[in-house]
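Here are some exercises to work through with the model open beside you. Try each task first, then compare your route with the worked solution.

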Amino acid sequence: MTMLHTVNKSPFESKTFDTCLGLAKGGSTILLIEDGVYAATTGNSVADKIKNTSDINFCVLDADAQARGIEGKLAEGIKVIDYEGFVDLVAEHDTVQAWL
Amino acid sequence: MSKKFMYINRKAPYGTIYALESLEVVLIGAAFDQDVSLAFIGDGVYQLTKGQNTKGIGQKSFSPVYMALGDYDVNKIYVEKESLEERGLTLDDLQHLVWEDEDEDYAEKDSIRLVSRSELSDVLDDQDVVLSF
């Protein structure tokens with residue numbers, strides 16, 4: 001079973017990202033969307049959490065990153081995807097868990 | 001008599017409607033000739049960042065409106081230092097907001113005041129009305 005997790009809350013104002021990270025299994029994918037994309041930026045107190053997690057695929061939705069002007073500040077190893085890529089991820093995984 | 005109005009902004013832009021609604025209310029307050037200050041704390045600091053391009057999410061970007069605040073005599077913009085640092089941001093990541101001082105031959109001056117949490121607490125204490133977004 002592989003699961004796609006989506007996180008749409010800022011990691012600085014909500015525990016959603018931490019909860020998701022705690023429950024996501026190896027081999028699953030965490031897709032950061034809306035205010036969730038801030039978790040993908042470097043140089044902050046959250047960056048280490050992604051850096052220290054090697055067995056989960058992290059993706060960020062391009063349109064949301066661009067809207068917030070962070071596309072130049074994304075951490076290494078984070079895949080940038082467009083809306084079509086989002087659809088592909090949904091199709092590729094067995095289940096989708098949308099953390100709210 | 002004009003009162004001192006402080007608008008506290010704590011939310012990132014676009015994910016919720018708070019940032020845009022705050023801007024609308026700020027501009028209304030300024031039109032009524034009140035003494036207006038803005039504070040950006042927590043994720044609110046993200047409202048002021050450079051390079052926002054909202055084309056892909058189908059929302060209008062209100063980022064340029066912050067540049068116009070100076071023309072409405074809204075020139076006391078407090079940004080909390082701790083909030084910037086927590087997010088790995090510096091003043092260079094924010095738009096350069098300025099206003100023209102008519103008492104000094106329209107000299108261009110910075111609107112953003114970088115303050116510590118304890119300094120901001122003193123600024124808050126000095127207000128007549130505080131509105132939170």
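The exercises below go from whole chains to single residues, and then to the contact between the chains.

This is a predicted model, in which local features need pLDDT of at least 70 and side-chain atom pairs count only at pLDDT 80 or more, while totals for chains, interfaces and linings use all residues. Residues are numbered from 1 along each chain as its sequence is written, and chains are lettered from A and ligands numbered from 1 in the order in which they are written.

**Exercise 1. The build of chain A**

Task: find the order of helices and strands in chain A, and compare its radius of gyration with that of a compact globule.

Solution. Begin with the elements, which are DSSP runs numbered from the N terminus: helices are H or I with at least four residues, strands are E with at least two. Chain A has four helices and five strands, and from the N terminus they run β-α-β-α-β-α-β-α-β. Next, take the radius of gyration over C-alpha atoms; the globule rule is 2.2 Å times the number of residues to the power 0.38. For 100 residues a compact globule would have a value near 13 Å, and the 12 Å of chain A agrees with that. The box that the C-alpha atoms of chain A fill, taken along the principal axes, is roughly 35 × 25 × 25 Å.

Now count burial. A residue is buried if 20 or more other C-beta atoms lie within 10 Å of its own, exposed if 12 or fewer, and partly exposed in between, with C-beta atoms placed from the backbone. On this count, 40% of the 100 residues in chain A are buried.

**Exercise 2. The build of chain B**

Task: repeat the steps for chain B, starting with its pattern of elements.

Solution. Chain B holds four helices and seven strands, in the order β-α-β-α-β-α-β-β-β-α-β. Its radius of gyration is 14 Å, close to the 14 Å from the globule rule for 133 residues, so chain B is as compact as a globular protein of that length. Its C-alpha trace spans about 45 × 30 × 25 Å along the principal axes, and 34% of the 133 residues count as buried.

**Exercise 3. Strand pairing in chain A**

Task: which strands of chain A pair with strand 3 of chain A?

Solution. Two strands pair if DSSP finds at least two bridges between them. Strand 2 (residues 29–32) of chain A runs parallel to strand 3 (residues 57–61) of chain A, with four bridges. Three bridges join strand 3 of chain A to strand 4 (residues 79–81) of chain A, again in the parallel sense. A:Cys59 appears in both pairings: A:Leu31 stands opposite A:Cys59, and A:Cys59 stands opposite A:Lys79 in strand 4 of chain A. From strand 3 of chain A the path goes through helix 3 (residues 62–67) of chain A to strand 4 of chain A, a right-handed β-α-β crossover (with the strands pointing away from the viewer, the path from the first strand over the helix to the second runs clockwise).

**Exercise 4. Two positive phi angles**

Task: is B:Tyr14 buried or exposed? Then look at B:Asp73.

Solution. B:Tyr14 lies in the loop between strand 1 (4–9) and helix 1 (18–31) of chain B, with phi near 75 degrees, a positive value in a residue other than glycine. B:Tyr14 is buried, with 23 other C-beta atoms within 10 Å. B:Asp73, in the loop between helix 2 (63–68) and strand 3 (76–80) of chain B, has a positive phi near 60 degrees. B:Asp73 is partly exposed, because 16 other C-beta atoms lie within 10 Å.

**Exercise 5. A helix residue and its partners**

Task: which residues does B:Leu120 contact, leaving aside neighbours within four places in sequence?

Solution. Two residues are in contact if their C-beta atoms, placed from the backbone, lie within 7 Å. B:Leu120, in helix 4 (residues 117–125) of chain B, is in contact with B:Ala39, B:Tyr78, B:Glu80 and B:Val115. B:Leu120 is buried, with 22 other C-beta atoms within 10 Å.

**Exercise 6. Between the chains**

Task: how many residues of chain B are in contact with chain A?

Solution. The contact involves 17 residues of chain B and 18 residues of chain A. By class, the chain B side has four nonpolar, nine polar and four charged residues (Ala, Val, Leu, Ile, Met, Phe, Trp, Tyr, Cys and Pro count as nonpolar, Asp, Glu, Lys and Arg as charged, and the others, Gly among them, as polar).
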